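Here's a quick tour of a model, for anyone about to load it up and poke around. Have the viewer open and follow along.

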Amino acid sequence: YKVLVCDDEKDIVSALKIYLMADGYQVFEAYNGREAVDILKKEDIHLVLMDIMMPIINGYEATKMIRSLDREDAKTIPIIAMTANAFTEDRLKAKEAGMDEHIAKPVDPELLVKVIYESVD
């Protein structure tokens, strides 16, 4: 199962990668929205963990670009927002951009696993 972790904080990407790999996931890394979109154009990714506030292309715009890609699952690939902004309006904005779920930072590993399992059912 291939997961793309996209966050401009290298420590967050590294921590999530270690945690997810220990759970058996293959992890791809991106540090801005442009890199995330480029990886999704080439790789058969099954789920995306997407930070919102990033340089070059933010998580909202990257999600909109992913949803319009020419790949069979572009509209359905689970995209989970990760952000310190956990207000109702932030959740709504994530949904409007095409994201499926929303996890507040700092990411709780147990909640992350639960959300991943629910997103792939």
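## Helix α5 and a surface patch

Let's start with Val120, which sits in helix α5, the stretch covering residues 109–120. Keep in mind that what you're looking at is a predicted model. Val120 counts as partly exposed because its relative accessibility is 35%. Val120 also belongs to a nonpolar surface patch, together with Tyr1 and Tyr117. Between them, these three residues offer about 280 Å² of accessible area.

Leu111 is another residue of helix α5. With a relative accessibility of 36%, Leu111 is partly exposed too. If you want a distance to check in the viewer, try Leu111 to Ile52: the C-alpha atoms are 18 Å apart, with the two positions 59 residues apart in sequence numbering.

## The sheet

Now for the strands. Five of them make up an open sheet, ordered β2-β1-β3-β4-β5, and the pairing is parallel. Which strands stand at the edges? They're β2 (26–30) and β5 (101–104); each has a single partner strand, so one side of each is left with no neighbour in the sheet. Going from one strand to the next, the twist averages 20°.

Zooming in on one edge, β4 (residues 79–83) and β5 run parallel and are joined by four bridges. Here Ala81 stands opposite His102, a residue of β5. Helix α5 packs on this sheet, where it touches β3 (47–51), β4 and β5. The direction of α5 makes about 175° with that of β5. As background, strands in a sheet pair through backbone hydrogen bonds, in either a parallel or an antiparallel arrangement.

## Two backbone oddities

A couple of loops deserve a look at their torsions. Most peptide bonds are trans, and most residues other than glycine have a negative phi. What is the peptide bond from Lys105 to Pro106, cis or trans? It's cis, with omega near 0°. Pro106 is in the loop that links β5 and α5.

The other spot is Ile56, in the loop between β3 and α3 (59–67). Its phi is near 70°, which is positive even though the residue isn't glycine. Is Ile56 buried or exposed? The relative accessible area of Ile56 is 68%, and the cut-off for exposed is over 50%, so Ile56 is exposed.

Note on methods: Residues are numbered from 1 along each chain as its sequence is written. This is a predicted model: local features need pLDDT of at least 70, side-chain atom pairs count only at pLDDT 80 or more; totals for chains, interfaces and linings use all residues. Side-chain values use heavy atoms; hydrogens and water are left out. Patches are made of residues with over 30% relative accessible area and no salt bridge: like charges are joined within 9 Å, nonpolar side chains (Val, Leu, Ile, Met, Phe, Trp, Tyr) within 5 Å. Accessible areas come from the Shrake-Rupley method with a 1.4 Å probe; for residues, only the protein chains shown count as cover. A salt bridge is a side-chain nitrogen of Lys or Arg within 4 Å of a carboxyl oxygen of Asp or Glu. Helices (H or I, at least four residues) and strands (E, at least two) are DSSP runs, numbered from the N terminus. Buried means under 20% relative accessible area, exposed over 50%, partly exposed in between (1.4 Å probe, protein chains only). Two strands pair if DSSP finds at least two bridges between them. Axes are lines fitted to C-alpha atoms, for helices over the stretch in contact, and angles run from 0 to 180 degrees between N-to-C directions. Contact means heavy atoms within 4.5 Å.
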